[in-house]
Amino acid sequence: MTPSVTACISTEGLTKQFPRVTALENLTVTTEAGVTGLVGANGAGKSTLIKILLGLQPATSGRAHVLGMDTATQGVDIRRVVGYMPEHDCLPPDVSATEFVVHMAQMSGLPRTAARERAADTLRHVGLYEERYRPIGGYSTGMRQRVKLAQALVHDPRLVFLDEPTNGLDPQGRDEMLALIRRIGADFGISVLVTSHLLGELERVCDHVIVIDSGRLLRSSSIGEFTQATQAIAVEVEDGLQSLAERLTAAGEAVAVQGRLLTVQVPAHDEAGRTYDAVRDAVCDLNLNLVRLEQRRGHIEDVFKEPAA
Amino acid sequence: MTIQPTGVIHDIGYRHYEGERLGRGHVVAALTRHSLRGVFGLGRTAKAKIMPFLLAMIMLLPAVVSIAIMALVKQQGLQYHDYATIMQPVLAIFLAAQAPYLVAPDLRFQVLPLYLSRPVTVLDYLGAKLAAMTSAMFLVLATPLTLLFIGELLVDLPGPPHTTDYVASMVSAAVLAVLLASLGLALASFTPRRGLGVASVIAFYLFASTVSLVFYGAFESMGQDDTAKWAMLINPFFLVDAVQVSLFGTPPSNGTGYPPGPWACLIVIGVIAAALSGLVLRYRKATSS
C-alpha cells in the first residue's frame with residue numbers, strides 16, 4: 001500500500017501569498033481517515049487551505065494532495081469525491097431544501113433519479129423532515145446549517161470539508177451538529193476535515209487535531225497525544241493541602257493549587273506511575289486524609305497556549 | 001400471552017452511493033436544462049411563470065394574425081425577415097426580465113462556491129447559463145417564425161413558399177439569440193440584485209436604440225446618408241438585421257439600408273466577444289475573492 005492511499009490530505013511546504021498577506025506559510029501536514037479538526041483563530045488561513053485543497057486556488061509554492069490526487073492538476077477529480085460546506089450563507093431563499101439538494105446532487109454528476117433518492121436520504125440523516133418541502137427562506141439558522149451539510153454529503157463523498165459548521169448555532173444546535181459530525185466520521189465512513197476557532201468543540205469529535213496560526217503549523221497530532229501531554233491528576237485532602245503542595249514541589253513535581261484541589265501534572269514521557277507514587281507517599285508521610293484522587297483530562301486549550309508562551 | 005410482532009422497522013443507517021457518476025458534459029447539460037426551465041418559470045412559483053409566458057404569447061400574436069390574413073386574403077402578412085425588428089421591444093423586455101434570474105441569485109446568495117466545489121468550472125457554469133439564455137431567446141423568436149411558415153404551407157399561397165426567407169430569418173434568429181444572451185448576461189452579472197439587473201438591461205436597450213436614432217437623424221439632416229446608415233448598427237436588432245441583409249440579401253427592415261460589405265458580421269462577432277470577455281472577467285473576479 002502506498003502512503004497516498006492511507007493519507008487523506010497531505011501538504012508539503014504549502015505557501016499561499018496574497019498581495020498584502022501571507023495566508024499560509026510553508027505548511028507541511030498529513031492527515032489520515034477519520035475526523036480531523038483544523039483549529040486556528042479567524043484569519044489563520046483555514047478557509048484558504050480548504051480552497052487550495054479543493055483545487056480552486058493555486059498555491060504560491062509547495063504541493064498538496066487530497067486522497068492521493070494533486071490539487072494543482074486534478075482539481076476536477078478531487079471535487080467529484082469531496083464535499084464542501086462553506087462558512088458563509090449559501091442558500092437561495094425561494095427554493096425548498098429538497099429541490100436545492102437534488103439540484104446540487106445533479107451538479108455532482110448523479111443521474112436525476114439517483115439524485116432524488118440521495119437527497120431524501122441525506123436530508124433525513126441530517127435531521128430535516130417535513131420542513132424540507134418548504135422554501136429555505138423561512139428556515140432557522142440550525143435548519144440552514146443542516147441543508148448546507150446535506151448538500152456537502154448528498155453525492156456520498158469520501159471526504160468532506162466543513163468550514164465552521166457550528167457558527168451561529170445555539171448550545172443545543174452546536175451539540176447536535178457535533179454529534180452529526182461524529183456520526184459522519186464514524187457511522188457514514190466519510191473522512192471529515194472540520195474547522196473551528198473553538199478548541200473545546202473539536203476535542204469532542206476529532207481523532208486528530210491540526211493547529212495553525214497565521215498560516216503556520218503550530219501542532220499536528222492525534223487527540224490522544226494532545227490530552228495525554230497534559231494529563232494531570234487532581235488530589236483533594238481534608239487538611240494540610242499547603243504542606244502537601246510543598247512536599248510535592250520539593251520532590252520535583254509540577255503542582256498548582258486550585259481552590260480545594262491540588263493539580264499535579266503528569267509528564268507524558270514519565271516512567272509509569274512515578275508521579276502517582278510520589279503523591280501516595282507524600283499523603284502517607286504527612287498522614288493526611290485523602291478525599292479524592294482522580295485523573296484529569298487536559299483540554300486542548302492548554303496545549304494551544306503552550307507554544308505561544 | 002404475548003403478541004407476536006408482525007413487522008419490524010429497521011434503521012438501515014447510512015448507505016453509500018454505488019451508482020453511476022456522470023461526467024462534466026452531463027453536469028453542464030443538467031445545469032443548462034435546469035436554467036432553461038427556470039427562464040420560463042418551470043419548477044419555480046406560479047408568479048415566475050406569468051412574465052415569460054405572457055411575453056412568449058405576445059411574440060406569437062403577429063404570426064397568428066398573419067396566418068389569418070393569409071387564409072382570408074391569400075396574401076402574405078408579416079414578412080419573416082421583419083419579425084425580429086418589429087417585435088424588438090418584446091424581445092428586449094424578455095431578455096431584461098429573464099437574464100438577471102440566471103446569474104444574480106447565485107451571486108447574491110453566494111451559491112456559486114457550491115457549484116465550483118463540484119466538478120464544474122467557472123467556464124462550464126457560464127457556458128451552461130449562456131446556452132440556456134440563448135436557447136430561450138431563440139425559442140421565443142423561432143417558434144412564431146416556424147408557426148408562420150407552417151401556416152403559409154397549410155394555407156398554400158399562390159407562388160412558391162418563402163423557404164429561403166424563412167431559413168434566413170431562422171439563422172438571424174440564432175445570431176440575435178447569441179448576441180442578446182451574451183449582452184444580457186454580461187450586463188446582469190455586474191449586479192447581484194435582480195431588480196437592478198432588469199433595469200440595467202432595459203436601460204441598455206433604450207439607450208442603444210435612442211442613440212442610434214439620434215445619430216441617424218443628425219447625420220441625415222447634415223446630408224451624410226452613408227454615415228447615417230452606420231448609426232443604425234448601434235441598435236443590436238438592426239445590427240443583426242444588417243447581418244441578415246449581407247448574408248442572405250433580404251430587404252432591410254429599417255427601410256433605408258445598411259453600410260455595404262461584411263461589416264455588420266464583424267461587428268456582431270466583436271460585440272459577442274467583448275460581452276463574453278466582460279462576463280468571464282466578472283466571474284474571475286467574483287471567484288478569486
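This is a short walk through the two chains of the structure above, starting with chain B.

Okay, so before anything else: this is a predicted model. Keep that in mind as we go.

Let's take chain B. What does it have in the way of helices and strands? Eleven helices and zero strands. If you read along the sequence, you just get α-α-α-α-α-α-α-α-α-α-α. As for overall dimensions, the C-alpha trace of chain B spans about 105 × 50 × 30 Å along its principal axes. The radius of gyration is 24 Å, where a compact globule of 289 residues would be near 19 Å. Buried residues make up 37% of the chain's 289 residues. And if you take the contacts in chain B between residues at least 6 apart in sequence, 76% of them join residues at least 24 apart.

Now, the annotation. An unreviewed UniProt entry places "transmembrane region" features on chain B at residues 50-73, 85-104, 130-155, 167-190, 196-218 and 261-281. I looked at two of those in the model. Over residues 167-190 of chain B, the chain is 92% helix and 0% strand, with the end C-alpha atoms 35 Å apart. Over 261-281 of chain B, we get 90% helix, again with 0% strand, and the end C-alpha atoms are 32 Å apart.

Right, on to where the chains meet. How many residues does each chain put into the contact? Chain A gives 30 residues and chain B gives 28. On the chain A side, three helices each supply at least two residues: α3 (75-80), α4 (97-107) and α5 (112-125). By class, that side of chain A has 15 nonpolar, eight polar and seven charged residues.

Next, the cores. The largest nonpolar core has 149 residues, and the members that touch the most others are Val101(A) and Val160(A). Which helix gives this core its largest share? That's α7 of chain B, residues 163-188, with 13 residues. There is also a second, separate core of eleven residues, and it includes Leu248(A), Val264(A), Val266(A) and Ala282(A).

Let me zoom in on Val101(A) for a second. Leaving out residues up to four places away in sequence, Val101(A) touches Ala119(A), Thr122(A), Leu123(A), Val147(A), Ala150(A), Gln151(A) and Val154(A).

Staying with chain A, the domain assignment splits this chain into domain 1, residues 3-226, and domain 2, residues 230-308. Taken over C-alpha atoms, the centres of those two domains are separated by 40 Å.

Last thing, a couple of backbone oddities. Most residues other than glycine have a negative phi. Two residues in chain A are worth a look here. Leu67(A) has a positive phi, near 50°, and its place is in the loop between β4 (61-66) and β5 (69-70) of chain A. Then there's Asn287(A), also not a glycine, with a positive phi of about 60°. Asn287(A) is found in the loop between α11 (274-286) and β14 (290-296) of chain A.

So are they buried or exposed? Leu67(A) has 20 other C-beta atoms within 10 Å, so this residue counts as buried, the cut-off being 20 or more. Asn287(A) has 7 other C-beta atoms within 10 Å, so Asn287(A) is exposed.

That's my tour; happy to pull any of these spots up on screen.

Definitions and conventions: Residues are numbered from 1 along each chain as its sequence is written. Chains are lettered from A and ligands numbered from 1 in the order in which they are written. This is a predicted model: local features need pLDDT of at least 70, side-chain atom pairs count only at pLDDT 80 or more; totals for chains, interfaces and linings use all residues. Helices (H or I, at least four residues) and strands (E, at least two) are DSSP runs, numbered from the N terminus. The radius of gyration is taken over C-alpha atoms; the globule rule is 2.2 Å times the number of residues to the power 0.38. A residue is buried if 20 or more other C-beta atoms lie within 10 Å of its own, exposed if 12 or fewer, and partly exposed in between; C-beta atoms are placed from the backbone. Two residues are in contact if their C-beta atoms, placed from the backbone, lie within 7 Å. Ala, Val, Leu, Ile, Met, Phe, Trp, Tyr, Cys and Pro count as nonpolar, Asp, Glu, Lys and Arg as charged, and the others, Gly among them, as polar. A nonpolar core is a set of buried Ala, Val, Leu, Ile, Met, Phe, Trp, Tyr and Cys residues joined through C-beta atoms within 7 Å. UniProt positions are given in the numbering used here, feature names are shortened, and annotations may be inferred rather than shown by experiment. Domain bounds come from an automatic or database domain assignment.
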